[in-house]
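Reader: I would like a close look at one part of this model, taken slowly and with the surroundings brought in where they help. Could you choose an aromatic residue, and then work outwards from there?

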Amino acid sequence: MDDVAEKRVFEDRAGRTDLVVAGSVGVLDVAVAADRLGRFGIAHRCAPVDVAASAGSVAVATEEDVLLRNASAEVFESTGFGPAVAVAYDDAPVAAGPDGRIAAWRDGGWAEIGRIDTVVRAIDPPLLAATDGVYRLPNLDYVGLDDAYDVAPAGPLAATDEGLYSLGNGWMDELDGSFRVVATEAGRAHAATPDDLYEREAGTWSVASAPTDDPVVDVAYGDCPYAVTADGSLLAHGAEGWRAHQLGVDGVVGCAVV
């Protein structure tokens with residue numbers, strides 16, 4: 001793509017995907033068009049531990065509060081949740097505190113869903129990953145496994161310290177290894193250990209030929225799959241395979257398609 005054509009793609013919202021990436025400096029807004037990187041910059045300075053987005057809105061979990069930016073707003077606002085360890089979107093934001101409290105954002109305030117006596121690591125409604133396994137919202141029913149790091153409801157799949165599992169007639173082995181990340185959408189699936197990124201095509205898992213040795217910490221889907229690494233690489237899978245872009249930020253904890 002030549003410079004003029006590329007500029008037109010990124011100026012035309014219909015031809016681009018907007019991402020948010022959470023790292024040590026705060027939240028970055030990142031524009032991409034398929035596997036090409038456009039403009040990016042810091043949208044809000046904070047110390048995020050998790051990030052989620054839906055329909056133009058963005059939620060950020062920090063050690064002090066949950067911050068929200070509505071689709072029609074340009075700034076992040078505090079919500080009064082208090083310290084948070086995970087955040088996601090259902091019909092509205094859902095957040096977890098370090099004490100196991102789970103709450104949903106309703107009518108401009110937080111309504112507690114319940115509490116679990118464990119540490120939450122990730123939320124992807126209706127599933128929740130915690131140190132003692134997987135739970136299901138909204139009743140916080142325990143559904144098994146142990147030492148879960150991430151969940152993907154389409155599957156469903158769970159990333160745990162002992163392997164990657166799918167839920168069918170009970171939890172079934174998918175891959176061996178110490179998994180930290182899993183994501184699925186429309187037949188696509190990706191999972192990551194601290195050493196490798198895996199992708200599933202036609203029902204078969206294989207190690208992806210990602211151009212990085214740094215651990216992948218999150219995966220999101222737009223026009224193509226996107227992944228971020230802890231050291232600030234944005235990976236995009238286009239027609240010619242995976243492509244890496246440096247964002248110039250370390251301590252990355254997550255990404256989401258806005």
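Author: Tyr 142 has a relative accessibility of 44%, and because buried means under 20% and exposed over 50%, Tyr 142 counts as partly exposed. The model is a predicted one, and the values that follow should be read with that in mind. The ring of Tyr 142 is paired with that of Tyr 135: the centres lie 5.3 Å apart and the planes stand at 65 degrees, so the pair is edge-to-face. Tyr 135, for its part, is buried, with a relative accessible area of 9%, whereas Tyr 142 is partly exposed.

The strands around this pair come next. Strand 14 covers residues 133–136 and is joined to strand 15 by three bridges, the two strands running antiparallel. One residue pairing can be named here, since Arg 136 has Asp 141, in strand 15, as its bridge partner. Both strands belong to an open sheet of four strands in the order 12-13-14-15, with antiparallel pairing. The edges of this sheet are strand 12 (120–124) and strand 15 (141–144), each of which pairs on one side only. From one strand to the next, the twist averages 30 degrees. In general, the strands of a sheet pair through backbone hydrogen bonds, either parallel or antiparallel.

The other aromatic residues can be set beside this pair. Four aromatic pairs are found when the whole structure is searched. In one of them, the ring centres of Trp 105 and Trp 110 are 5.1 Å apart and the planes are at 65 degrees, so this pair too is edge-to-face. Trp 105, at 21% relative accessibility, counts as partly exposed, while Trp 110, at 18%, counts as buried; the cut-off of 20% falls between these two values, which is why the two residues are classed apart. Together with Phe 81, Trp 105 and Trp 110 form one aromatic cluster. Phe 81 also has a charged neighbour, for the charged end of Arg 101 sits over the ring of Phe 81, 4.0 Å from its centre. A further arrangement of this kind involves Arg 180, whose charged end sits over the ring of Tyr 149 at 3.9 Å from the centre.

Another tyrosine leads into the nonpolar interior. Tyr 226 lies in strand 25 and is buried, with a relative accessible area of 0%. Leaving aside residues up to four places away in sequence, Tyr 226 touches a set of residues that includes Leu 19, Val 32, Ala 34, Val 219, Leu 234 and Ala 236. The largest nonpolar core has 16 residues, and Tyr 226 is among those that touch the most other members, along with Val 21, Val 30, Val 32, Leu 234 and Leu 247. At least two residues of this core are supplied by each of strand 1 (17–23), strand 2 (26–33), strand 25 (225–229) and strand 26 (233–238), and the largest share, three residues, comes from strand 2. Apart from this core lies another, of 14 residues, among them Ile 102, Val 120, Leu 128 and Leu 137.

One acidic residue completes the view. Asp 35 is found in the loop between strand 2 and strand 3 (36–44), and is buried, with a relative accessible area of 15%. Not counting residues up to four places away in sequence, Asp 35 touches Cys 224, Ala 236, Gly 238, Arg 243 and His 245. Arg 243 is 17 residues from Tyr 226 along the chain, and the C-alpha atoms of these two residues are separated by 9.6 Å.

How values were computed: Residues are numbered from 1 along each chain as its sequence is written. This is a predicted model: local features need pLDDT of at least 70, side-chain atom pairs count only at pLDDT 80 or more; totals for chains, interfaces and linings use all residues. Side-chain values use heavy atoms; hydrogens and water are left out. Two strands pair if DSSP finds at least two bridges between them. Axes are lines fitted to C-alpha atoms, for helices over the stretch in contact, and angles run from 0 to 180 degrees between N-to-C directions. A nonpolar core is a set of buried Ala, Val, Leu, Ile, Met, Phe, Trp, Tyr and Cys residues joined through side-chain atoms within 4.5 Å. Buried means under 20% relative accessible area, exposed over 50%, partly exposed in between (1.4 Å probe, protein chains only). Rings of Phe, Tyr and Trp (its six-membered ring) pair if their centres lie within 6.5 Å; planes under 30 degrees apart count as stacked, over 60 as edge-to-face and the rest as tilted. A charge sits over a ring if NZ of Lys or CZ of Arg is within 6 Å of the ring centre and within 35 degrees of the ring normal. Contact means heavy atoms within 4.5 Å.
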